[in-house]
Amino acid sequence: MQLSTTRRDIRSLSADDLLELTAKLGQPKFRAKQLDEWIHAKNATSFDEMTNLPKAFREQLAERFGFAVPEELTKQVSRDGSRKYLLQFKDGVSVETVGMPTRNKLAVCISTQAGCAMGCAFCATGMNGLIRSLTAREMVDQVLHVAADFNERVTSVVFMGQGEPLANFDETLAALRMLNAPDGLNIGARHLTVSTCGIIPGIKRFAELDEQFTLAVSLHSAVQSTRNQLMPGVKKFTLLRLHEALQAYTEKTGRRPSYEYAMIDGVNDTNPEMQALIDFCQGTLCHVNLIQLNDIPGSPLKPSPLEKVEALQRRLTMHGVEATIRNSRGGDIDAACGQLKQRFTVPKGGAGA
Ligand code: SF4
């Protein structure tokens, strides 16, 4: 249901606002609580779903309010079953979201910002800069959209689409908690993964959370000069400091972060680069995900040959570092709109993050 231009999104009302509203509409206090549950815990996107509210009350609400759910501008369906959506919010800003079904699971990759300020050299999103950060509600709405389209329960969410989640920390955290809420979507904390390019203050805050959310770090090179070129937005967070922050994270949480490593021909797949990655990881709690870079039209960066990806996996394993080669999902649809394919991946033959 699209919000009309005259009706306000009921989901923007606080608990106190809802109390006031129900009183104004002549309803008892407990209706405000029920309404609050539908909106903020059960993530309802229509008044029809609110079956324990009297019909007349729902009609009163529908006359005054709507749900500013995003509009689906396009949907592309991949041969592998993945679906990629371009969703537009009420201010005209749009982002991409991907649904990735595997057997009885449904993983969703959401965006946390429209555009991105980090400017990674291998990323189509970073080329055009940041438009704006998304609200927690807009992040959750992406998940709800995919769930409704597949008519399936979402089993995991990766915050790995457009944007740097830890540069939008508070809204990202609020979205994680909404997705994790037992009376809401009830997605297990370990199945909610935040991917950062290495914002150290954000990693430190993430380590302090009580919930066991999963952390993924886009590493892409363990050689400082190469990483500076590939990921200029995190230049100031050096590899040395990143290593320290990740050590502190694992000590504090006991959880294992994963490192994303998109292999780029002649850039981060050389012997010194491989050795630097081994040195970065060896003896630490981590899991490395190796991905063959996908071509971005017009980019000089090309994917490493598969033999090199396999060779790096063998070398990491020999040194006691767990590593998985990941497949891109929806490669045929990603290519069509210039979004980085490696940002939407699942393990070979397995479910998403
Ligand atoms: S890879 Fe992520 S952090 Fe880097 S520019 Fe793209 S969206 Fe931003």
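Me: What are the domains of this protein, and how do you know where they begin and end?

Reply: In this predicted model, the domain assignment of the protein gives domain 1 as residues 8-66 and domain 2 as residues 71-347. Their centres, taken over C-alpha atoms, are separated by 36 Å, and the contact takes seven residues from domain 1 and eight residues from domain 2.

Me: How much area is buried between domain 1 and domain 2, and which three residues of domain 1 supply the most?

Reply: The size of an interface is often given as the accessible area lost when the parts come together. Here, the area buried between domain 1 and domain 2 is about 610 Å², and carbon and sulfur atoms give 44% of it. On the side of domain 1, Arg11, Ala41 and Asn43 supply 72% of the area buried against domain 2, more than any other three residues.

Me: Why is the pair of Asp141 and Arg11 called a salt bridge?

Reply: The term asks for a side-chain nitrogen of Lys or Arg within 4 Å of a carboxyl oxygen of Asp or Glu. The closest N and O atoms of Asp141 and Arg11 are 2.7 Å apart, and because the cut-off is 4 Å, the pair qualifies. The count between domain 1 and domain 2 is one salt bridge.

Me: Why is Leu19 called partly exposed rather than buried or exposed?

Reply: Leu19, which lies in helix α1 (residues 15-24), has a relative accessible area of 35%. Buried would need a value under 20% and exposed a value over 50%, so Leu19 is partly exposed. Leaving aside its neighbours within four places in sequence, Leu19 is in contact with Lys29 and Ala32.

Me: How do you know that the span of helix α10 agrees with what its number of residues should give?

Reply: Helix α10 has 13 residues, 306-318, and at 1.5 Å a residue these should span 18 Å. The end C-alpha atoms of α10 are 18 Å apart, which agrees with that expectation.

Me: Which residues of α10 are buried, and what puts them on the same side?

Reply: Val309, Leu312 and Leu316 are buried in α10, and they cover an arc of only 65° around the axis, which puts them on the same side of the helix. An α-helix has 3.6 residues a turn, so residues three or four places apart point the same way. The buried residues of α10 pack against β12 (258-263), α9 (271-281), β13 (287-292) and β14 (322-328), whereas the face turned away from the buried side carries the exposed residues Glu307, Arg314 and Met318. Just after α10, Gly320 takes a positive phi of about 80°.

Methods:
Residues numbered from 1 in each chain as written. Predicted model: local features only at pLDDT ≥ 70, side-chain atom pairs only at ≥ 80, totals over all residues. Heavy atoms only, no water. Helix = DSSP H or I, 4+ residues; strand = E, 2+ residues; numbered from the N terminus. Expected span 1.5 Å × (residues − 1). Buried < 20%, exposed > 50% of the residue type's maximum accessible area, 1.4 Å probe, protein only. Arc of directions from axis to C-beta. Contact = heavy atoms within 4.5 Å. Domains from an automatic or database assignment. Buried area = accessible area lost by both parts, 1.4 Å probe.
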